[in-house]
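I opened this notebook to keep track of what I looked up in the structure, one topic to an entry. I begin with single residues and then move outward.

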Amino acid sequence: MPRLAGKRVLILGAGSVGEGIGNGRAMAILFAREGAQIACVDMNLAAAEETTALIAKEGGQAFAMAGDVTQESEITRIVDATMAAFGRIDILVNNVGGSVPGGPEELTPEAWHKQFHHNLHYVHLSTRAILPIMVKQGGGAIVNLSSVAALRHVSSDLMAYAASKSGVMALSRMIAVRYAPHGVRSNVVVPGLMHTPLVEARLAGQRAGGDVAAIIAKRNAQPPMGRMGDAWDIAYAALYLASDEAKYVTGAEIVVDGGLTLRTQ
Ligand SMILES: NC(=O)c1ccc[n+]([C@@H]2O[C@H](COP(=O)([O-])OP(=O)(O)OC[C@H]3O[C@@H](n4cnc5c(N)ncnc54)[C@H](O)[C@@H]3O)[C@@H](O)[C@H]2O)c1
């Protein structure tokens with residue numbers, strides 16, 4: 001029996017920022033393999049369509065939608081379109097997010113607010129829109145993406161990212177308690193240093209002067225396992241939390257980091 005048989009899923013940020021498989025794309029593909037139908041939302045429609053094409057190639061069911069999840073009107077449109085297509089939403093994945101480096105002096109108030117919109121504010125918007133639907137249905141599962149940066153200082157100053165991703169965890173716990181009586185679970189996947197297309201597309205430019213090999217070597221050297229993880233490591237953790245196998249799990253955080261946060265140096 002597929003692990004998500006018959007489930008209807010909305011994934012926000014289901015594309016990928018570069019060539020290959022990012023966390024959102026891996027979750028969409030894996031969830032579809034496990035019998036779910038997926039609404040793949042991304043501000044980059046072509047990236048979402050690439051995800052749905054990969055799913056279709058494997059015989060799965062998904063559709064793509066463009067949308068900026070940081071806008072309330074866009075969230076309304078996305079949720080309405082998903083309900084029109086599926087008639088229900090069993091699983092919501094809040095995968096949109098990203099980091100801009102900076103400590104308290106480098107980060108402008110504008111950059112701070114932008115990070116909060118990109119990582120945290122939209123999670124409020126999406127859960128606010130979905131929760132009444134899940135309550136009416138009698139249950140649902142929300143999977144939020146945080147980061148080990150919310151737990152520890154991980155080699156770069158990522159103040160706004162760390163603070164906003166900590167907010168994702170707090171918000172998720174609040175929802176877990178408040179909505180437990182309604183059968184809605186809310187959990188968090190906490191990725192460590194993953195080798196997703198983000199590394200080549202963004203991080204090399206931001207943090208290593210465009211030197212891709214240097215940033216890869218630096219990230220591989222940090223976890224006790226001696227390498228970064230990949231998007232599938234995140235997708236399998238999310239799959240468990242989204243599935244009925246986790247029916248007694250809410251307000252939890254699964255750290256997927258190859259032991260990175262266990263280290264003191
Ligand atoms: N890759 C890592 O090492 C790592 C580590 C820790 C946490 N994470 C978290 O994992 C999540 C995503 O990882 P990924 O590999 O899928 O990244 P990604 O950047 O490849 O995918 C995110 C997708 O979201 C889309 N997006 C960005 N802003 C949007 C908006 N306003 N509205 C709609 N779509 C938007 C992008 O176009 C992109 O396709 C993020 O929350 C990130 O913070 C990643």
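Entry 1, a residue in a helix. I looked up threonine 51 and found this residue in helix α2, which covers residues 45–57; I note here that the model I am reading is a predicted one. I then asked whether threonine 51 is buried or exposed. I counted 27 other C-beta atoms within 10 Å of threonine 51, and because 20 or more suffice for the label, I entered this residue as buried. Leaving aside residues up to four places away in sequence, I listed the contacts of threonine 51 as Ala14, Gly15, Arg25, Ala28, Cys40 and Ala64. I also took the C-alpha separation between threonine 51 and valine 41, which is 9.9 Å for two residues 10 apart along the chain.

Entry 2, a residue in a loop. I turned to proline 104, which I found in the loop between β4 (91–94) and α4 (109–137). Proline 104 has 9 C-beta neighbours inside 10 Å, and since 12 or fewer make a residue exposed, I recorded proline 104 as exposed. From proline 104 to alanine 62 I read 42 Å between C-alpha atoms, for a sequence separation of 42 residues.

Entry 3, the ligand. I found 28 residues around the ligand, of which Gly13, Gly15, Val17, Gly22 and Gly97 come nearest. Sorting the shell by class, I obtained 14 polar, 12 nonpolar and 2 charged residues. Helices α1 (23–33) and α6 each supply at least two residues of this shell. Gly15, one of the nearest residues to the ligand, had already appeared among the contacts of threonine 51.

Entry 4, a pair of helices. I examined α6 (residues 197–207) against α7 (residues 212–221), whose axes come within 9 Å and cross at roughly 95°. An angle of 65 to 115 degrees counts as roughly perpendicular, and I therefore described α6 and α7 in that way. On the α6 side I listed Val199, Glu200, Leu203, Ala204 and Arg207, which meet Val212, Ile215, Ile216 and Arg219 of α7. By class, this contact has 6 nonpolar and 3 charged residues, and no polar ones.

Entry 5, the whole protein. I counted 8 helices and 7 strands. The radius of gyration is 17 Å, close to the 18 Å that the globule rule gives for 265 residues, so I noted the protein as being as compact as a globular protein of that length. Along the principal axes, the C-alpha atoms fill a box of roughly 45 × 40 × 35 Å. Of the 265 residues, 46% count as buried.

Conventions:
Residues are numbered from 1 along each chain as its sequence is written. This is a predicted model: local features need pLDDT of at least 70, side-chain atom pairs count only at pLDDT 80 or more; totals for chains, interfaces and linings use all residues. Axes are lines fitted to C-alpha atoms, for helices over the stretch in contact, and angles run from 0 to 180 degrees between N-to-C directions. Angles under 35 degrees count as roughly parallel, over 145 as roughly antiparallel, 65 to 115 as roughly perpendicular and the rest as oblique. Two residues are in contact if their C-beta atoms, placed from the backbone, lie within 7 Å. Ala, Val, Leu, Ile, Met, Phe, Trp, Tyr, Cys and Pro count as nonpolar, Asp, Glu, Lys and Arg as charged, and the others, Gly among them, as polar. A residue is near a molecule or strand if its C-beta atom, placed from the backbone, lies within 6 Å of it. The radius of gyration is taken over C-alpha atoms; the globule rule is 2.2 Å times the number of residues to the power 0.38.
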